[in-house]
Amino acid sequence: MNQQTKIRHALTVTREGDFAQWYQEVIAEAEMAEESGVRGCMVIKPWGYGIWERIQKLMDARIKAAGVDNCYFPLFIPLSYFAKEAEHVEGFAKEMAVVTHHRLIGDGKGGLVPDPEARLEEPLIVRPTSETVIGAAMARWVQSWRDLPLLTNQWANVVRWEMRTRMFLRTSEFLWQEGHTAHADRDDAMAETLRALEMYRAFAEDELAMPVIAGEKPENERFPGAVATYSIEAMMQDGKALQAGTSHYLGTGFAEAAGIQYQNREGQQALCHTTSWGVSTRLIGGVIMTHGDDDGLRVPPAIAPHQIVILPMLRDTDEDEALLAYCEDLRRALAGQQTLGEPVRVLLDKRPGKATQKRWAWVKKGVPLILEIGGRDAAGGQVSVLRRDRLWREDGKPDFAGQARDDFLARAAAELEDIQLSLHAEAKARRDANIHRGIGTLAELAAFFDDKACYPGWVELGWSRPTGAALEEVVKQLKALKLTIRNTPMDAAKPTGTCPFTGEPAVETIYVARAY
C-alpha cells in the first residue's frame, strides 16, 4: 500500500480531483470567508481578514518607505468626473454600480421603493477605481513644480459589478490599495511605475512566498486609458496564471482630462504625467492556490496571524492547572523572540475541546507550527511539534517531532524562517518546471493546451509585438483557445526566431497561459 492510500486528508476534495471545488472547500474549512447574501460579495472572517491585515501592514510599510502618503477619497464619484475620460469610462462602464436616489418610501404594499422626489441631480458612481476623483484633487493640490512629485495612496474598497464571481479572486466588492502619483515628466513617472512594480514583485516573493514574473502587459491588456501597464504574474497549482498586481504609466491623458498642470521652472504651464498602481484581496486567493494542499491552507509565516499555536491536551482534572502554566510560560518565551523582522506571533488555544479536533482546525487554517503538549510533556520539559509544510510521515501519520522545550525555543525562530523559504522554493520549482518552451506554431500551441493529460502550465513564446488589426487577429486566435498573453518579462533575453502568430521576427518574449 503506497503512502497516498494511507493518508486520510482533512479535505473531502483533492486538488487533482477538482481544483475549483478544492479551492472553495479550503476557504470554507479554513474559515476564510463566506457568502454574504449579496451577489458577488463576501464576508471575510477573522482568519481571512487577519491574513489581509498582515498583507496590509507589510505592504503599507513598503509604500511609506518610498515616501508615499496615505489619503482617503470618497466612495461616491460624480458621473461627470468619468465623462471627462472617455477611454477610461468605456473600460469600466459595464461594471459600474450607480446611485440615482437618496431616499426610499413605502410602496403601499409593505415594501420600499425609491422616492421619485429624491432623484439625485447627478448620478453617483460607486468607485470602481479612483483615478477620476483623485485627479480632481490633484488638480487642486498641484500648482508649481515645487509641488511635484505628488505621491498618494489609499486603502479602500471598490465595486465592480462582476458577472462571474469567485471568492477573493473576482468579487463585486473587494479591498485593495491604490497608489496615485503625479510627476513633472515622463522619466520620473516611469521610474515611479517601475518602482511600484518592483515593490510588488519583492513583496510577493519575500512575504507571500509566491514566485512571480514581473513584466509589461501587451497593448490589448492595458488599463483603460494607460500608456503602459506592467504586472506581476503568478502560477497557480493548476497551471493557470493569476495577475497579482499592476502598475500603470498613464502619460498625460488623465492629467489633461482632470486639469492636473503645474507652472514649470521657466514659468510655463505644463501637464503632469501620472501613474497608478494597486494590489487587492486577490492576493489571498493567490496564496491559497499557490501553497494550499489536500489538508487545507498553508500560510507563509510572514503573513500568518498566528505563526505558532500551542494546544494543551486538557483533561478537565487538577493536572490542567500545571499544564496551562507550562504552556503559558512557553508562550511568553516564544513571544519574546524575533523572526522575519518581527516578534513571534504565538497563540495559546485554551478553548474547551479535544486537542486533536483543534489540531485539525488549525491544520486546515494553515498555521506554520502547531505544538501539542500533554501532562507528561509538561512534567518532562518537552514539546511535540508539527510543521504544517511537512505534515505527514511515510507511514501516513502526522509528523510530530518530540523535542526538549529549550531546544525548541532555541530553534523556533529559525524554523519559521525555514518554512517561509521552503514554501517559496517549492512553489518556484513547480512554476519553473511548468514553463514550456520549444513551441513554435499556433497548431503546436493549440495541441499543447488540448492535451488534458498534461499539466498545462505556461508557454514561453517569441513575440513580434503586433499592433492594430494584426493584434486584434492574434487576440481572436488566443480567445478561441481560452488563452491570454500574461506579460513580457522584464529580465528576458531577446528571443530568436519568429512569432508563431504573425510569422514575423520575434522582438521580445511573452508568456501565454490560461488565467483567472
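Helices and strands here are DSSP runs, numbered from the N terminus. The model is predicted.

**Stop 1: the loop before α15**

Select Arg-465, in the loop between β25 (458–463) and α15 (468–480). Its phi is near 55 degrees, a positive value in a residue other than glycine. Is Arg-465 buried or exposed? Neither label applies: with 36% relative accessibility, Arg-465 counts as partly exposed, since that class lies between the cut-offs of 20% and 50%.

**Stop 2: the loop before β11**

Go next to Ala-209, which sits in the loop between α7 (186–206) and β11. Ala-209 has a positive phi near 55 degrees, again in a residue that is not glycine. The relative accessible area of Ala-209 is 0%, so this residue is buried.

**Stop 3: strand β12 and its partners**

From Ala-209, move on to strand β11 (residues 212–216), which pairs with β12 in the antiparallel sense over five bridges. To find the register, select Glu-216 and look across to Tyr-230 in β12, which stands opposite.

Now select the whole of β12, residues 228–235. How many of its eight residues are buried? Eight of the eight are, so the strand is largely enclosed by the rest of the structure. Colour the two faces separately: Ala-228, Tyr-230, Ile-232 and Ala-234 lie on one side, and Thr-229, Ser-231, Glu-233 and Met-235 lie on the other. Both faces are covered.

Add strand β13 (residues 241–251), which runs antiparallel to β12 and is joined to it by eight bridges. Ala-228 of β12 stands opposite Tyr-249 in β13. The two strands form a hairpin with five residues between them. In the turn, select Gly-239, whose phi is positive, at about 90 degrees.

**Stop 4: a cis peptide bond**

Select Leu-148 and Pro-149 and show the backbone. The peptide bond joining them is cis, with omega at about -5 degrees. Pro-149 belongs to the loop between α6 (131–141) and β9 (150–159).

**Stop 5: helices α10 and α13**

Finish with α10 (residues 320–335) and α13 (residues 405–433). Their axes come within 10 Å and cross at roughly 25 degrees. The two helices are therefore roughly parallel to each other, as the angle is under 35 degrees. The crossing of α10 past α13 is right-handed.

Which residues of α10 and α13 meet? On α10, show Tyr-326, Asp-329, Leu-330, Ala-333 and Leu-334; on α13, show Arg-405, Phe-408, Leu-409 and Ala-412. By class, this contact has seven nonpolar residues, two charged ones and no polar ones.

Definitions and conventions. Residues numbered from 1 in each chain as written. Predicted model: local features only at pLDDT ≥ 70, side-chain atom pairs only at ≥ 80, totals over all residues. Heavy atoms only, no water. Axes fitted to C-alpha atoms, helices over the stretch in contact; angles between N-to-C directions. Helix = DSSP H or I, 4+ residues; strand = E, 2+ residues; numbered from the N terminus. Parallel < 35°, antiparallel > 145°, perpendicular 65-115°, else oblique. Left-handed = near helix turned anticlockwise from the far one by under 90°. Contact = heavy atoms within 4.5 Å. Nonpolar A, V, L, I, M, F, W, Y, C, P; charged D, E, K, R; others polar. Buried < 20%, exposed > 50% of the residue type's maximum accessible area, 1.4 Å probe, protein only. Pairing = 2+ DSSP bridges.
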